[in-house]
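Morning, everyone. Please pull up the structure and follow along with me.

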Amino acid sequence: QVQLVESGGGLVQPGGSLRLSCAASGSIFSINTMGWYHQAPGKQRELVATITNSGSTNYADSVKGRFTISRDNAKNTVYLQMNSLKPEDTAVYYCYCLVRNLAFEDAHVWGQGTQVTVSS
């Protein structure tokens, strides 16, 4: 079993910043892709950003230049630095990992979600 624990969500004013963290633990052999998705009320879950174990990144057009994804492979942790936040960034943010466990099985693992609200 692999678990993801997210932290760092909250309420922030437009133009403000937040940093999300997500730590993976459990029966982990390796982690390939890590990333963040968000889901606003009444909408589908959408990609925000991903990062591979070699450091290659991918961002949604809506967050390019404002958000930065990074990871600490030694800690099995992924971060999302969110700057210049806008009300339309309001959503539940979910951490995602593509994990290979100790039985050499690949699994898509999701966190429980953390609420980000951008409002004055």
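How much space lies in the largest pocket? About 180 Å³. Keep in mind that this is a predicted model.

Let's stay with that pocket. Its lining has 15 residues, and the closest to its centre are H38, K43, E46, S62 and E88. Which elements give two or more residues to the lining? Those are β4, residues 28-39, and β5, residues 46-51. By class, the lining splits into 4 nonpolar, 5 polar and 6 charged residues.

Look at K43, one of the residues closest to the pocket centre. K43 sits in the loop between β4 and β5. Is K43 buried or exposed? Exposed, because its relative accessible area is 54% and the cut-off for exposed is over 50%. Now a distance from there. K43 and D89 are 46 residues apart along the chain, and their C-alpha atoms are separated by 13 Å. Hold on to D89; we meet that residue again shortly.

Next topic: salt bridges. How many does a search of the whole structure find? The count is 3. I'll take them one by one.

Start with D61 and K64. These two form a salt bridge, with the closest N and O atoms 3.1 Å apart. D61 counts as exposed, at 64% relative accessibility. K64 is at 49%, so K64 counts as partly exposed. The cut-off for exposed is over 50%, and that is why 49% puts K64 in the partly exposed class.

Now R100 and D106. Their side chains meet in a salt bridge at 2.8 Å, N to O. R100 is partly exposed, with a relative accessible area of 34%. D106 is also partly exposed, at 48% relative accessibility.

That leaves D89 and R66. Here, too, the side chains meet in a salt bridge, at 2.8 Å from N to O. Where do the two partners sit? D89 is in the loop between β8 and β9, the latter covering residues 91-101. R66 is in the loop between β6, residues 57-59, and β7, residues 67-72. The partners are 23 residues apart, and the pair links distant parts of the chain.

Are these two buried or exposed? D89 is at 3% relative accessibility and counts as buried. R66 is at 11% and counts as buried as well. Buried means under 20% relative accessible area, so both values qualify.

R66 has further contacts. Its side chain reaches the backbone oxygen of S62 at 2.9 Å. S62 should sound familiar: that residue is among those closest to the centre of the largest pocket. Which residues does R66 touch, not counting those up to four places away in sequence? The list is Q81, M82, N83, S84, L85, K86 and D89. So on the R66 side of the picture we have a salt bridge to D89, a polar reach to the S62 backbone, and a buried position, because the relative accessible area is 11%.

One name on that contact list brings me to backbone angles. S84 touches R66, and S84 lies in the loop between β8 and β9. Phi of S84 is near 50°, a positive value in a residue other than glycine. Why point that out? Because most residues other than glycine have a negative phi. S84 is partly exposed, at 40% relative accessible area.

N76 gives us another case. Phi of N76 is likewise near 50°, positive, and the residue is not glycine. N76 is found in the loop between β7 and β8. The relative accessible area of N76 is 23%, so N76 is partly exposed. The buried class means under 20%, and N76, at 23%, therefore falls outside that class.

Last stop: T77. This residue is found in strand β8, which covers residues 77-82. Is T77 buried or exposed? Buried, because its relative accessibility is 7%. The side chain of T77 reaches the backbone oxygen of K75 at 2.9 Å. Leaving out residues up to four places away in sequence, T77 touches C22, A23, M34, S70, R71 and D72.

To recap, and then I'll stop. The largest pocket holds about 180 Å³ of space. The structure has 3 salt bridges, and the one between D89 and R66 links distant parts of the chain. S84 has a positive phi, and so does N76. Over to you.

Notes:
Residues numbered from 1 in each chain as written. Predicted model: local features only at pLDDT ≥ 70, side-chain atom pairs only at ≥ 80, totals over all residues. Heavy atoms only, no water. Helix = DSSP H or I, 4+ residues; strand = E, 2+ residues; numbered from the N terminus. Buried < 20%, exposed > 50% of the residue type's maximum accessible area, 1.4 Å probe, protein only. Polar contact = N/O pair within 3.5 Å; in protein donor to acceptor, adjacent residues only side chain to side chain. Contact = heavy atoms within 4.5 Å. 1 Å grid on protein atoms, 1.4 Å probe; cavity = no way out; pocket = protein on both sides within 12 Å on 5 of 7 lines; lining within 4 Å. Points joined across faces, edges and corners; volume = space filled by probe spheres on them. Nonpolar A, V, L, I, M, F, W, Y, C, P; charged D, E, K, R; others polar. Salt bridge = Lys/Arg side-chain N within 4 Å of Asp/Glu carboxyl O.
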